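Trainee: Could you take me through one part of this model up close? I would like to look at a sheet and what packs around it, and then see how that part sits in the whole.

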Amino acid sequence: MQKGGGCMIRSYQVRLLPDQIQEQLLWKHVNTARFVWNYGLSYQRKRYKNKEKHLSGYDLRKVFINLKQQDGYAWLKEVSAHTISNVCLDLDDAYKRYFKKQNGKPKFKKKNKCKNSFPVRKDTFYFNNNCAVIEKIGKVKYQTNYKLQQGRQICKFTNPRIKYDNNKWILIFGMECDNQTQTLTDNSIGIDLGIKDLAFVSCRNEFRVFKNINKTKEVKKIEKRLKHAQRKVSKKYHVNDNNYKKSKNILKAEKRVKQLYNKLSNIRKNYIHQTTRTIVNMLPKRIVMEDLNISGMMKNRHLSKAIQEQCFYEFTKQIKYKCENFGIEFIQVDRFYPSSKTCSKCGHIKKELKLSDRIYKCDNCGLVIDRDENASINLMNYKVN
Ligand SMILES: [Zn+2]
């Protein structure tokens, strides 16, 4: 028996639901983080001009400790000192990458043009009573599908940050999970990805079909709205033809399109996460999939949209990653392996099988079986040479 699990860091995104006062504090942190970055940058540039030595991130932090004591800068005390320090370290990292020629020169951050984000103090940060407890901000309610462990000093967090994106406050962090060693079963799982349904999964004598999320009412409704919104934008452009500057209405309509688009892609991504998690939680010792020629399939005009929406690439990436974390063997079978043409009962290989043949009928043993079910069984039973 193999053991799965182990120590790993996973990255999480959780939506924060701050009250009015907390939101003001969040903005204060965002604005201060930008101020510290810009002040630190002009400070370093001035030193450079005066032929003085470049300050380390640690020394730059001291500049702000002194600045706080000066007239007119007392407001710096209203935000977490760790946020200020971490921005200094971020700037120092940017300089280091620049010195190593990995990056361009650090640039000033302009309001409304840069990412609205700031680093959070990690050693005092935790979840409790379904709130995120954040230094200088307080207990902020959050919304997530993850079951986050509640209580102080239970999890180790890395690099927690808060960003304001698309009218939402998002908390991002890495978390080190305990050594949750889980015993893997002796089973092999075969996965056949498809257009009609997302995935057909075979494990021993059981089959599971994961439906195509794009066929659900919810997704179809949002897609309809998106189409409508896109049409609205192109119409508005027409009216606006002679006008170089985008009107307020166009900006508003474009924002709507972006929102709907994000909503759709989030639903799809979450579904892939859910599905791959469910499969991996069956704790097989190995998972076998076909190595799909996705870029080749995308060239087919009739299939490309469906394939893109099904996120095959994302699916493969996630199942691979999750297998690694669980210690599950992951096998991608050569795309020329006849998983669909082979009879899963007797091993006979059909000469011809059209894409439209949804049922597999064996000419040798008479087996009649769903095409995808047959393929997934073959993958499950795949023997490595
Ligand atoms: Zn057969």
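**A mixed sheet and its surroundings**

Mentor: Happy to! Let's start with one pair of strands: strand E13 (residues 286-290) runs parallel to E14, and five bridges join the two. Within this pair, arginine 286 faces glutamate 329 of E14. Keep in mind that we are looking at a predicted model. As background, strands of a sheet pair through backbone hydrogen bonds, in either a parallel or an antiparallel sense.

Now widen the view. E13 and E14 belong to an open sheet of five strands, ordered E12-E11-E10-E13-E14, with mixed pairing. At its edges are strand E12 (206-210) and strand E14 (329-333), each of which pairs on one side only. If you ignore direction, neighbouring strands in this sheet are turned by 20° against each other on average. A helix joins the picture here: helix H8 (residues 312-326) lies across strand E10 (188-193), E13 and E14, and it runs at about 160° to E13.

For another example of pairing, go to strand E2 (residues 9-17). E2 is antiparallel to strand E8 (residues 168-176), and eight bridges connect them; here serine 11 stands opposite glycine 174 in E8. E2 also pairs with strand E6 (residues 138-143), again in the antiparallel sense, over three bridges. In that pairing, leucine 17 has lysine 141 of E6 as its bridge partner.

Helices also meet each other in this model. The axes of helix H2 (residues 57-69) and helix H3 (residues 81-99) come within 9 Å and cross at roughly 140°, and the two helices are therefore oblique to each other. Their crossing is right-handed. On the H2 side, the residues in contact are Gly57, Leu60, Arg61 and Phe64, which meet Ile84, Ser85, Cys88, Leu89, Leu91 and Asp92 in H3. Sorted by class, this contact has six nonpolar, two polar and two charged residues.

Finally, step back to the whole protein, which has nine helices and 16 strands. Its radius of gyration is 27 Å, well over the 21 Å that the globule rule gives for 385 residues, so the protein is more spread out than a compact globule. Taken along the principal axes, its C-alpha atoms fill a box of roughly 90 × 65 × 45 Å.

Note on methods
Residues are numbered from 1 along each chain as its sequence is written. This is a predicted model: local features need pLDDT of at least 70, side-chain atom pairs count only at pLDDT 80 or more; totals for chains, interfaces and linings use all residues. Axes are lines fitted to C-alpha atoms, for helices over the stretch in contact, and angles run from 0 to 180 degrees between N-to-C directions. Helices (H or I, at least four residues) and strands (E, at least two) are DSSP runs, numbered from the N terminus. Angles under 35 degrees count as roughly parallel, over 145 as roughly antiparallel, 65 to 115 as roughly perpendicular and the rest as oblique. A crossing is left-handed if the near helix is turned anticlockwise from the far one by less than a right angle, and right-handed if clockwise. Two residues are in contact if their C-beta atoms, placed from the backbone, lie within 7 Å. Ala, Val, Leu, Ile, Met, Phe, Trp, Tyr, Cys and Pro count as nonpolar, Asp, Glu, Lys and Arg as charged, and the others, Gly among them, as polar. Two strands pair if DSSP finds at least two bridges between them. The radius of gyration is taken over C-alpha atoms; the globule rule is 2.2 Å times the number of residues to the power 0.38.
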